[in-house]
Amino acid sequence: MLLTAAPAPAVQPSTTADAASYYAAAEGKTGPALKTALHTIIRSQSKVTYDQVWDALENTDQDPANPANVIELYTGRSIAKTRAGGNSGDWNREHVWAKSHGDFGTATGPGTDLHHLRPEDVTVNGIRGNKDFDNGGIPVTGAAGNYTDSDSFEPRNAVKGDVARMILYMAVRYDGGDGFQDLEPNEKVDNNSAPAMGRLSILKQWSLQDPPDAFEKRRNDLIHSTYQHNRNPFIDHPEWVDAIW
């Protein structure tokens, strides 16, 4: 595992023409037809191993103000890339779609898909665990603006939309093929090992509340150009959330 800090490669934002070409087969569709079209588009991807995720996250989640650091998803804290690890105070690899929901673990595919893997403080990652997403709970120690209870987790406002779009990407990308279960959002917060994640109604609210920002867009561009060569369509077209669900 390489832990040396390195500047992220320059990434040119996708042009309107590029985006139109990438999503051409989905244009004009809604509902199940749109979901199917997007699945066909984004399932064409390269894959990284779980070890390679460390180095990829150093680039995709690099702190714009400090290239030696990454930004943790829930805490929002800037932390040295060299602090990747498993000890208290380190950052590790958070599966936003909890890897036990569908039992895919760290298998190459959903277990290593960069579109839902983010750096996070080891302790806060443990507090989130495999909980579904919902509003409410008690404040999370060490992660201001996040809340949790026995079966759900609410991220800070600045990344609520990021979380929603990552979950919905996973539901479109993994539909029961590739040897993995069909991942779907639902309205439950006790999904445990079922291939489901809730609550959908809250995730939709979060996507509207927190539209894609420059950090999220750059991340999508970098995953597309450098690593997996596929995109999260809900970052490029947030309106497609309501068009499908």
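Which residues does D236 touch, not counting residues up to four places away in sequence? The legends below treat a predicted model, and the first of them takes up this residue.

**Figure 1. Surroundings of D236 in helix α8 of the predicted model.** Helix α8 covers residues 233-236, and D236 is found in it. Not counting residues up to four places away in sequence, D236 touches Y23, N220 and R231. Two of these residues are also polar partners of D236 through their side chains: the contact with the side chain of R231 is 2.8 Å, and that with the side chain of N220 is 3.4 Å. Y23 lies 213 residues from D236 in sequence, yet the C-alpha atoms of the two are 9.7 Å apart in space. With a relative accessible area of 26%, D236 is partly exposed, because the partly exposed class runs from 20% to 50%.

**Figure 2. The largest cavity and its lining.** One cavity of 30 Å³ or more is counted in the model. The space in the largest cavity is about 70 Å³. Its lining consists of H115, R118, D162, M166, E216, R219, N220, I223, N232 and I235. Two elements, α5 (160-173) and α7 (214-227), each give two or more residues to this lining. The greatest contribution is that of α7, with four residues. N220, a lining residue of the cavity, is also the residue whose side chain makes a polar contact with the side chain of D236.

**Figure 3. K35 within helix α2.** Helix α2 comprises residues 31-42 and includes K35. Is K35 buried or exposed? K35 counts as buried, at 17% relative accessibility, because the limit for a buried residue is under 20%. The side chain of K35 makes a polar contact of 2.6 Å with the side chain of E184. Leaving aside neighbours within four places in sequence, K35 is in contact with A171, V172, E184, I244 and W245.

**Figure 4. Helix α2 over its full length.** The buried residues of this helix are G31, L34, K35, A37, L38, H39, I41 and I42. At 1.5 Å a residue, the twelve residues of α2 should span 16 Å. The end C-alpha atoms of α2 are 17 Å apart, which agrees with that expectation.

**Figure 5. An open sheet of three strands.** The strands follow the order β1-β2-β3, and their pairing is antiparallel. Strands β1 (62-63) and β3 (78-80) stand at the edges with a single partner strand each, so one side of each has no neighbour in the sheet. Strands of a sheet pair through backbone hydrogen bonds, in either a parallel or an antiparallel manner.

**Figure 6. Bridges and hairpins of the sheet.** Two bridges join β1 to β2; in β2, V70 is the bridge partner of Q62. Strand β2 (residues 66-71) is joined to β3 by three bridges. On the β3 side, A80 is the bridge partner of N69, and S78 is that of I71. The hairpin from β1 to β2 passes through two residues, whereas the hairpin of β2 and β3 has six residues between the strands. In the hairpin of β2 and β3, G76 takes a positive phi near 75°.

Terms used: Residues numbered from 1 in each chain as written. Predicted model: local features only at pLDDT ≥ 70, side-chain atom pairs only at ≥ 80, totals over all residues. Heavy atoms only, no water. Pairing = 2+ DSSP bridges. Buried < 20%, exposed > 50% of the residue type's maximum accessible area, 1.4 Å probe, protein only. Polar contact = N/O pair within 3.5 Å; in protein donor to acceptor, adjacent residues only side chain to side chain. Contact = heavy atoms within 4.5 Å. Expected span 1.5 Å × (residues − 1). 1 Å grid on protein atoms, 1.4 Å probe; cavity = no way out; pocket = protein on both sides within 12 Å on 5 of 7 lines; lining within 4 Å. Points joined across faces, edges and corners; volume = space filled by probe spheres on them.
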